[in-house]
Structures are given as C-alpha cells and as structure tokens.
Amino acid sequence: MPTWGELLKRLQELQSQGRTDAFDVVRREALFDLANYTGRNAILYASAHLQKPRVTPELLSITNEDIEGFMEVFYGLQGEEIDLILHSPGGRAEATEAIVKYLR
C-alpha cells in the first residue's frame, strides 16, 4: 500500500502528463491496492461536500435516496465482507440504518 507521499507523487506525475483524470486514476489505484491487500471488495461512497462549500450539507449528506446508489454498487459483488469508505458530512439516521440493513 502506498504512503500519502507516494500518492501525492503519483498524482503530480499524472498531472504533469496533462491527465485531467489524475485524481480518479489515483483513487481507483488506491482502492484496487486496498482490495488486493485485504482480499475484500473496496467501495468508496463520497459526496462533493468539500468541493461545493456553498451547497447546504443536507443536499450532500446520506439520505434515503442514497439507498438505491448503494444497491447498485453492491449488487453482484462476491464475498461476505467489504471495505466501505464513506466521505460525507453526515446524514439521516434512518437512511444509514436502512443501508446497514441492506448490506447485512
């Protein structure tokens, strides 16, 4: 697994090549590395709350509408364990409970 410094170096390398998808490439590589390391599916579910500071947090938080997104992402995955990374300013407890219930 790469260190934070190695991730930044890889990102800068891709950006210097003019890659507009550098962040996405590094993110995908890191998730792939995590999945290989743990032997489990690695899922990142993120909102853009840091990139869109003028949008109210409620619009970028976990809500009941996110359940469909989780169902789409997890459908067909193999294995009984996952590594789930959530990047969100919070959300509704009821939505979180429904997502956990679905995942179980």
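What pLDDT does the protein chain average, and what percentage of the residues score at least 70? In this predicted model, the protein chain averages a pLDDT of 84, and 87% of the residues score at least 70.

**Figure 1. Overview of the predicted protein chain, with its secondary structure and its confidence along the sequence.** The secondary structure of the protein chain consists of five helices and two strands, which follow one another along the sequence in the pattern α-α-β-α-α-β-α. Confidence reaches its highest value in helix H1, residues 4-16, with a mean of 95, and its lowest in helix H3, residues 57-60, where the mean is 59. Of the 104 residues in the protein chain, 21% are buried, and the chain exposes about 8000 Å², of which carbon and sulfur atoms supply 53%. Among the contacts with a separation of 6 or more, 67% are accounted for by residues 24 or more positions apart in the protein chain.

**Figure 2. Close-up of the packing of helix H1 against helix H2.** H1 and helix H2, the latter spanning residues 22-38, pack at an angle of about 140 degrees, and their axes lie 9 Å apart. The crossing in which H1 passes H2 is right-handed. From H1, the contact is made by Leu7, Arg10, Leu11, Leu14 and Gln15, while H2 contributes Ala22, Phe23, Val25, Val26, Glu29 and Ala30.

**Figure 3. Close-up of Gln12 in helix H1 and Arg27 in helix H2.** Gln12, which has its place in helix H1, counts as exposed at 52% relative accessibility, because a residue is called exposed over 50%. Between Gln12 and Ala22, which are 10 residues apart in sequence, the distance from C-alpha to C-alpha is 8.2 Å. Arg27 belongs to helix H2 and, at 37% relative accessibility, counts as partly exposed. The C-alpha atoms of Arg27 and Leu44 are separated by 9.1 Å, with the two residues standing 17 residues apart along the chain.

**Figure 4. Close-up of the packing of helix H4 against helix H5.** Helix H4, residues 66-74, and helix H5, residues 93-103, pack with their axes 10 Å apart and at an angle of about 20 degrees; H4 and H5 are therefore roughly parallel to each other, and their crossing is right-handed. On the H4 side, the residues that meet H5 are Asp66, Ile67, Phe70, Met71 and Phe74, and their counterparts in H5 are Ala95, Ala98, Ile99, Tyr102 and Leu103.

**Figure 5. Close-up of Glu97 in helix H5, shown together with Asn64.** Glu97 has its place in helix H5 and is exposed, with a relative accessible area of 59%. Although Glu97 and Asn64 are 33 residues apart along the chain, their C-alpha atoms are separated by 9.8 Å.

**Figure 6. Close-up of Ile62 in the loop between H3 and H4.** Ile62 lies in the loop that runs between H3 and H4, and this residue is buried, with a relative accessible area of 10%, because buried means under 20%. The C-alpha atoms of Ile62 and Arg92 are separated by 6.1 Å, whereas along the chain these two residues are 30 residues apart. When its neighbours within four places in sequence are left aside, Ile62 is in contact with Tyr45, Ser88, Gly90, Gly91 and Arg92, and also with Ala95, Thr96 and Ile99. Two of these contact partners, Ala95 and Ile99, also appear among the H5 residues that meet H4.

Notes: Residues numbered from 1 in each chain as written. Predicted model: local features only at pLDDT ≥ 70, side-chain atom pairs only at ≥ 80, totals over all residues. Heavy atoms only, no water. pLDDT = per-residue confidence, 0-100. Helix = DSSP H or I, 4+ residues; strand = E, 2+ residues; numbered from the N terminus. Buried < 20%, exposed > 50% of the residue type's maximum accessible area, 1.4 Å probe, protein only. Contact = heavy atoms within 4.5 Å. Areas by Shrake-Rupley, 256 points an atom, 1.4 Å probe, with all protein chains shown as cover. Axes fitted to C-alpha atoms, helices over the stretch in contact; angles between N-to-C directions. Parallel < 35°, antiparallel > 145°, perpendicular 65-115°, else oblique. Left-handed = near helix turned anticlockwise from the far one by under 90°.
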